[in-house]
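Colleague: I've just opened this one and I'm not sure how to read it. Could you walk me through it, feature by feature?

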Amino acid sequence: MINRRQFLKIAGAFGTGLATGGIGPLLNVRPAAAQSQPNQKFIADLDIALKATPGQLSIFPGTPTGVWRYQAQVLEGEASSLVNLEGSYLGPVIRVQKGQKVRIRFTNDIPDETIVHWHGLHVPALMDGHPRLAIPRGETYIYEFEVHNRAGTYWYHPHPHGRTGPQVYGGLAGLFIVSDEEEKAAGLPSSEYDIPLVIQDRTFDYDNQLVYMSGHMMERMNGFLGDWIFVNGKPDFTLPVATRAYRVRLLNGSNSRIYKLAWQDGTPLTVIGTDGGLLTKPVYRRYVMLGPGERIELWADFSSFPMGSETSLVSLPFDAGMLGGGRRGMMGNGAALPNGAGFPVFRVKVNRLEKSGPTLPKRLSTIQPYRIAEALNPQYPKTFELLMRHMAWTINGRTFQMEATAPHERVKPGSLEVWEFINEGGGGMGMMGMMNMPHPIHLHGKQFQVLQRYGVRHEGYVDDGWKDTVLLMPGERIRILVKFGDYPGLFLYHCHNLEHEDMGMMRNYFVESVNNT
Ligand code: C2O
Ligand code: CU
Ligand code: CU
């Protein structure tokens, strides 16, 4: 792998020090009734204390690395609801059952304002971690919600405005895994054979400290790209396996890197799940494009592998568009490992013989497809163009405003709408047409269904099932069907390239209250 480079950059930004850029001014728009006290009427099945805190971790020999990390503790409920990843900066895996009532007492102990968002979960607006709810160091925000989501691989990460990129990069992220009866009935590999893996990229200086951004404009336009690939917080990750089948859950937890995932030997990937849980049946892909924020679940069968053999999951080379072209791209930011470079993601070592194991189920789950005829606007999708304006990424030419919504961003509870995201760069061969790069688009609050894609030149998408984040490569357009929930209030939709999000490629949508209609 590529060597750590010398950076003329601010290093050692995490740990107890300030992150690059310092503390932004606290916006005084927090609702007066901020959640600082538990609601006595909310009887939690699981009550946990979670904090974001500076820490030190030995990642490489020598100086420990300063990080920011989530740490948690079960106050009430099953101790097995939290699974710590040994020696990783990542937060504990939070494991819950559908239908459980969860209270999370979140304390901010980092020198920056922050708030936690539960990516993929359907929770009330005040529980969703909107940036206007960010708390300063020393304060506590209490989350209380019932888990309505079906079984699936969700995750949690910070969401303060303009500071999400550096905070996630510093180490603040963790998985939130939901199980349910339907999933149990599918008979998939479980416990030690159910492996969640978080893929990220990081850059270190010679003193083992994380290096984030140079502040260079082009780097901001592209998004941060690290030159080491990390899995579950570890470089050069190896997964030891037995000769049997596994369920492998993959989260792209990187700030802006896209992975074109494939098995090294060319065996197609057997995909059993996406963002919002299991598909109805397995699908096969030679490779899967996984954008930041997206999840994919694989059935990985090593039963025909000889003892001692190895394979790896790799990211194949691809064209990431003009801005992502690295050194050779016209606008390249000179990233040592450009977006679209090929590299191994992790190694698999077969080191244990097991004679029996489960076989791949033909049916995994039931998904009721939305009917376009039932949408409010079957013929006239609401369109959202991903555009560069005045050297900033925008949605329909707008950037984030803390509480503002445009008329088309207001929706009725329970309504089914067609939304269309367009990444065609404003058309033509002009400068705008060239200023075109991938954008992973994410909606808070609800899982949605993909209706159709246009302009796709490859086979690496898994658009089946429930999604909350969809990758749009340059030239692509996608139509989704989203049914808004009954929780009123402000929710976000944004590009999950965290540097794009931080520069304002994010907007609110507003769900009106039921009695308002
Ligand atoms: Cu995973 Cu608004 O984010
Ligand atoms: Cu989210
Ligand atoms: Cu973007």
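Modeller: Sure, let's begin with a term: a strand is a DSSP run of E with at least two residues, and strands are numbered from the N terminus. Phe-145, for instance, is found in strand S7, which covers residues 140-146. Keep in mind as we go that this is a predicted model.

Colleague: How many helices and strands are there in the chain?

Modeller: The chain has five helices and 31 strands. Of its 517 residues, 62% count as buried. Take contacts between residues at least 6 apart in sequence: 80% of them join residues at least 24 apart. The chain exposes about 19,700 Å², and carbon and sulfur atoms supply 52% of that.

Colleague: Back to Phe-145, then. Is Phe-145 buried or exposed?

Modeller: The idea is to look at relative accessible area, where buried means under 20%. Phe-145 has 2% relative accessibility, so it counts as buried. Leaving out residues up to four places away in sequence, Phe-145 touches several others, including Phe-42, Ile-104, Trp-118, Met-127 and Phe-176. Pro-124 is also one of the residues it touches; Phe-145 and Pro-124 are 21 residues apart in sequence and 7.5 Å apart in space, C-alpha to C-alpha.

Colleague: There are a lot of rings in there. How do I read a pair of them?

Modeller: A pair of aromatic rings is described by the distance of the centres and the angle of the planes. A search of the whole structure finds 33 aromatic pairs. In one of them, Trp-118 and Phe-176 are edge-to-face, at 5.8 Å centre to centre with 65° between the planes. Trp-118 lies in strand S6 and Phe-176 in strand S9 (residues 174-179), so this pair ties together parts that are 58 residues apart in sequence. Both Trp-118 and Phe-176 are buried.

Colleague: And what is the arrangement of the rings of Phe-491 and Tyr-509?

Modeller: Their centres are 5.7 Å apart and their planes are at 25°, so Phe-491 and Tyr-509 are stacked. Phe-491 belongs to strand S30 (residues 489-495) and Tyr-509 to strand S31 (residues 506-511), so the parts tied together are 18 residues apart in sequence. Phe-491 and Tyr-509 are both buried.

Colleague: Which residues do ring pairs link into a cluster?

Modeller: The cluster is made of Tyr-70, Phe-106, Trp-118, Tyr-141, Tyr-143, Phe-145, Tyr-156 and Phe-176. You've already met Phe-145, Trp-118 and Phe-176 as members of it.

Colleague: What about charges and rings?

Modeller: Here you look for a charged end placed over a ring face. Arg-244 lies over the face of Tyr-193, at 3.4 Å from the ring centre. The charged end of Arg-453 likewise sits over the ring of Tyr-461, 3.4 Å from its centre.

Colleague: Now the metals. Which residues coordinate the copper ion that is ligand 2?

Modeller: With a metal, you ask which atoms are the donors and where they sit in the chain. For the copper ion (ligand 2), the donors are NE2 of His-117 and NE2 of His-442, at 1.8 to 1.9 Å. His-117 is in strand S6 (residues 116-119) and His-442 in strand S26 (residues 439-443), so the pair ties together parts that are 325 residues apart in sequence. His-117 has 0% relative accessibility and so counts as buried, and His-442 is buried with a value of 0% too.

Colleague: And which residues coordinate the copper ion that is ligand 3?

Modeller: The copper ion (ligand 3) is coordinated by His-439 (ND1), Cys-495 (SG) and His-500 (ND1), at 2.0 to 2.1 Å. The spacing of these donor residues in sequence is H-x55-C-x4-H. His-439 in strand S26 and His-500 in helix H5 (residues 498-502) link distant parts of the chain, 61 residues apart. Both His-439 and His-500 are buried.

Colleague: Where is Arg-163 found?

Modeller: Arg-163 is in the loop between strand S8 (152-158) and helix H1 (164-169). Its relative accessibility is 9%, so Arg-163 counts as buried. Its side chain makes a polar contact of 2.7 Å with that of Asp-112.

Colleague: One last feature: which phi does Ser-191 have?

Modeller: Ser-191 has a positive phi of about 40° although it is not a glycine. Ser-191 sits in the loop between helix H2 (181-186) and strand S10 (194-202), and is exposed, with a relative accessible area of 60%. Asn-396, also not a glycine, has a positive phi of about 55°. Asn-396 counts as partly exposed at 25% relative accessibility.

Note on methods. Residues numbered from 1 in each chain as written. Chains lettered and ligands numbered in written order. Predicted model: local features only at pLDDT ≥ 70, side-chain atom pairs only at ≥ 80, totals over all residues. Heavy atoms only, no water. Helix = DSSP H or I, 4+ residues; strand = E, 2+ residues; numbered from the N terminus. Buried < 20%, exposed > 50% of the residue type's maximum accessible area, 1.4 Å probe, protein only. Contact = heavy atoms within 4.5 Å. Areas by Shrake-Rupley, 256 points an atom, 1.4 Å probe, with all protein chains shown as cover. Polar contact = N/O pair within 3.5 Å; in protein donor to acceptor, adjacent residues only side chain to side chain. Donors = N, O, S within 2.8 Å, 3.2 Å for Na, K, Ca; no water. Phe/Tyr/Trp six-rings, centres within 6.5 Å; stacked < 30°, edge-to-face > 60°. Lys NZ or Arg CZ within 6 Å of the ring centre and 35° of its normal.
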